[in-house]
Amino acid sequence: MPNTQTSTAYALLIRTDGQFRLLDWPANDNDHLKLLYAACDCDHIDAVQITERLTMWIDDEGLINQATPNFGATRLYATHRQPHQLYHGHALFTGGADAEGNTLGLTADEAAHLVEQYLTAGLIPTQRPRSN
């Protein structure tokens, strides 16, 4: 009897308002772009490779179109690398790429770890109270 069990893969969506959601990453490569465009709510998508096993997808025209800054995605990026800019628009985090260049989803463990990093990274630096 053939093994019909497939491993589930995920993507982490971080919205500009700080809300996040774990999404199922499609097994079919043809559905990847549809999900990326829909999740990031944009017409032009760009991949920002954070590590070999982690990619952040963002609106390629977010800064130009004055999309809302995504402090949460920028802070999560900063837990892995020094950011060189503030990212704008919704962001979707996936795994790296396979040998053929196809984008991989996050494993359950990778997704859980990324959510934990997001929650502990802090979204926006807290402001000091004013002193009179």
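**Exercise 1. The pocket lining**

Task: Sort the lining of the largest pocket by class, then place the pocket on the chain.

Solution. This is a predicted model.
- Step 1. Take the classes. The lining of the largest pocket has six nonpolar, four polar and four charged residues.
- Step 2. Add the volume. The largest pocket fills about 150 Å³.
- Step 3. Go to the centre. The lining has 14 residues, and the closest to the pocket centre are Ile58, Asp59, Asp60, Gln85 and Tyr87.
- Step 4. Look for the elements. Strand 3 (45-51) and strand 4 (54-59) each give two or more residues to this lining.

**Exercise 2. The sheet**

Task: Find the order of the five strands in the open sheet, and name the edge strands.

Solution.
- Step 1. Read across the sheet. The order is 2-1-5-4-3, and the pairing is antiparallel.
- Step 2. Check the ends. Strand 2 (20-24) and strand 3 are the edge strands, since each pairs on one side only.
- Step 3. Check the twist. On average, neighbouring strands are turned by 25° against each other, direction ignored.
- Step 4. Add the helix. Helix 2 (residues 71-78) packs on this sheet. It touches strand 1 (10-14), strand 3, strand 4 and strand 5. The direction of helix 2 makes about 125° with that of strand 1.

**Exercise 3. Isoleucine 58 and its partners**

Task: Which residues are the bridge partners of isoleucine 58?

Solution.
- Step 1. Recall the principle. Strands of a sheet pair through backbone hydrogen bonds, either parallel or antiparallel.
- Step 2. Turn to strand 5 (residues 91-94). Strand 4 pairs with strand 5 in the antiparallel sense over four bridges. There, isoleucine 58 has alanine 91 as its bridge partner.
- Step 3. Turn to strand 3. Strand 3 and strand 4 pair over six bridges, again in the antiparallel sense. Aspartate 46 is bridged to isoleucine 58 of strand 4.
- Step 4. Look at the link. Strand 3 and strand 4 form a hairpin, with two residues between them.
- Step 5. Conclude. The partners are alanine 91 and aspartate 46.

**Exercise 4. An aromatic pair**

Task: Is the pair of phenylalanine 20 and tyrosine 118 stacked or edge-to-face?

Solution.
- Step 1. Count the pairs. The structure holds two aromatic pairs.
- Step 2. Take the geometry of this one. The ring centres of phenylalanine 20 and tyrosine 118 are 5.4 Å apart, with 70° between the planes.
- Step 3. Apply the cut-off. Planes over 60 degrees apart count as edge-to-face, so this pair is edge-to-face.
- Step 4. Locate both rings. Phenylalanine 20 sits in strand 2 and tyrosine 118 in helix 3 (residues 108-121). The pair links distant parts of the chain, 98 residues apart.

Technical notes. Residues are numbered from 1 along each chain as its sequence is written. This is a predicted model: local features need pLDDT of at least 70, side-chain atom pairs count only at pLDDT 80 or more; totals for chains, interfaces and linings use all residues. Side-chain values use heavy atoms; hydrogens and water are left out. On a 1 Å grid over the protein atoms alone, a cavity is a set of points where a 1.4 Å probe fits but cannot get out, and a pocket is an open set with protein on both sides within 12 Å along at least five of seven lines; lining residues have an atom within 4 Å of a point. Grid points are joined across faces, edges and corners, and a volume is the space filled by probe spheres set on the points. Ala, Val, Leu, Ile, Met, Phe, Trp, Tyr, Cys and Pro count as nonpolar, Asp, Glu, Lys and Arg as charged, and the others, Gly among them, as polar. Two strands pair if DSSP finds at least two bridges between them. Axes are lines fitted to C-alpha atoms, for helices over the stretch in contact, and angles run from 0 to 180 degrees between N-to-C directions. Contact means heavy atoms within 4.5 Å. Rings of Phe, Tyr and Trp (its six-membered ring) pair if their centres lie within 6.5 Å; planes under 30 degrees apart count as stacked, over 60 as edge-to-face and the rest as tilted.
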